[in-house]
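Please load the model in a viewer and keep the selection tool at hand. The tour proceeds by stops, each with a selection and a description of what is found there.

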Amino acid sequence: MTEDYEETAEADEDELCRDIQMKLPDCLWQLDYVNRYRAGKFNEDFAALETGEKFLFGVIEIPFTEEDGSFTWGVWAEVDAGDHDAYVRDFQTDAVEGRVIAGRLANDIPGTPEAFGANVELTLHAGRRPEIRVLEGELGIQQARGMSLSEHEALDRELFGDDDEEGDNEAEA
């Protein structure tokens with residue numbers, strides 16, 4: 001009986017989402033298609049608005065406390081224009097490796113409503129996206145202490161709903 005439960009629990013853990021990517025900074029995402037085009041230029045790694053704001057895409061890793069690995073938020077951070085432009089200039093070269101810049105989180109994070117605008121630190125890399133360390137708020141605390149399985153399950157339910165309920169509804173149809 002115990003072995004069946006552990007196998008089931010492991011199977012359920014494998015089904016939990018481990019990565020969420022924000023496509024754009026919230027200030028762009030909230031715009032309609034045409035106004036987004038008018039607002040500035042952007043791709044998967046950089047965004048620059050006509051109004052002067054500049055953004056970089058990076059990852060916040062939240063280590064799991066009860067298993068190997070981490071939950072990853074792919075998010076946007078607003079950064080100083082000079083830091084943004086230097087990163088664009090030196091993108092994917094050794095010149096950026098280990099450079100640390102300051103920024104502010106530019107996305108809402110489900111489950112942590114105070115995260116938007118939080119101070120962050122970005123560590124730039126030549127061969128991968130910047131690492132983002134959240135310096136304040138509940139998200140920063142969770143990043144430092146890690147995410148338990150129960151927190152991971154609660155986040156998954158918040159993001160995607162309860163699969164058991166969906167299955168019950170489908171059976172009734």
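## Stop 1: a buried arginine

Begin with R36, which is buried yet takes part in no salt bridge; the nearest side chain of opposite charge, D32, is 7.3 Å away. The model is a predicted one, and the distances along this tour should be read accordingly. R36 has its place in helix α3, residues 33-39. Why does R36 have no salt bridge to D32? A salt bridge requires a side-chain nitrogen of Lys or Arg within 4 Å of a carboxyl oxygen of Asp or Glu, and D32, the nearest side chain of opposite charge, is 7.3 Å away, so the pair does not qualify. Next, display the surroundings of R36: leaving aside residues up to four places away in sequence, R36 touches L24, L28, W29, L31 and F42.

## Stop 2: strand β5 and its partners

Select β5, residues 70-79. This strand is mostly covered, with 9 of its 10 residues buried. Three pairings can be followed from here.

- Strand β1 (residues 19-21) runs parallel to β5 and is joined to it by 3 bridges. To locate this pairing, select I20, whose bridge partner in β5 is W73.
- Strand β4 pairs with β5 in the antiparallel sense over 10 bridges. Here V59 stands opposite G74 of β5. The hairpin of β4 and β5 has 6 residues between the strands, and in it G69 takes a positive phi near 100 degrees.
- Strand β6 (residues 100-105) also pairs with β5 in the antiparallel sense, over 3 bridges. Select V79 to find G103 of β6 opposite.

## Stop 3: onward through β6, β7 and β8

From β6, move to β7: the two strands run antiparallel and are joined by 5 bridges. I101 stands opposite L122 in β7.

Now colour the side chains of β7 (residues 119-123) by burial. Which of them are buried, and which are not? V120 and L122 point to one face and are buried, whereas N119, E121 and T123 point to the other face and are not. In a regular strand, side chains alternate between the two faces of the sheet.

Continue to strand β8 (residues 131-134), which pairs with β7 in the antiparallel sense over 4 bridges. T123 has E131 of β8 as its bridge partner.

## Stop 4: helix α4

Select α4, residues 81-90, where H84, A86, Y87 and D90 are buried. These residues lie on the same side of α4, because they cover an arc of only 165 degrees around the axis. What covers the buried residues of α4? The covering elements include β3 (46-49), β4 (54-63) and β5 (70-79).

Both ends of the helix merit a selection. At the N-terminal end, D80 acts as a cap: one of its side-chain oxygens lies 2.9 Å from the backbone nitrogen of G82. Just after α4, Q92 takes a positive phi of about 60 degrees.

## Stop 5: salt bridges

Side chains of opposite charge can pair when their charged atoms come close. The structure holds 10 salt bridges, and three of them are visited here.

Remain at α4 and select D90 together with R99: their side chains meet in a salt bridge at 3.2 Å, N to O. D90 counts as buried at 13% relative accessibility, while R99 is partly exposed, with a relative accessible area of 24%.

Next, select E67 and R18, whose side chains meet in a salt bridge at 2.7 Å, N to O. E67 lies in the loop between β4 and β5, and R18 in the loop between α1 (2-15) and β1, so this pair ties together parts that are 49 residues apart in sequence. E67 counts as partly exposed at 22% relative accessibility, and R18 is partly exposed at 28%.

Finally, select D45 and R129, which form a salt bridge through their side chains at 2.8 Å, N to O. D45 lies in the loop between β2 (40-42) and β3, and R129 in the loop between β7 and β8; the pair therefore ties together parts that are 84 residues apart in sequence. D45 is buried, with a relative accessible area of 17%, whereas R129 is partly exposed at 27%. Add E44 to the selection to complete the stop: E44, D45 and R129 are linked in a network of salt bridges.

Definitions and conventions
Residues numbered from 1 in each chain as written. Predicted model: local features only at pLDDT ≥ 70, side-chain atom pairs only at ≥ 80, totals over all residues. Heavy atoms only, no water. Buried < 20%, exposed > 50% of the residue type's maximum accessible area, 1.4 Å probe, protein only. Arc of directions from axis to C-beta. Contact = heavy atoms within 4.5 Å. Polar contact = N/O pair within 3.5 Å; in protein donor to acceptor, adjacent residues only side chain to side chain. Pairing = 2+ DSSP bridges. Lys, Arg positive; Asp, Glu negative; His and termini not counted.
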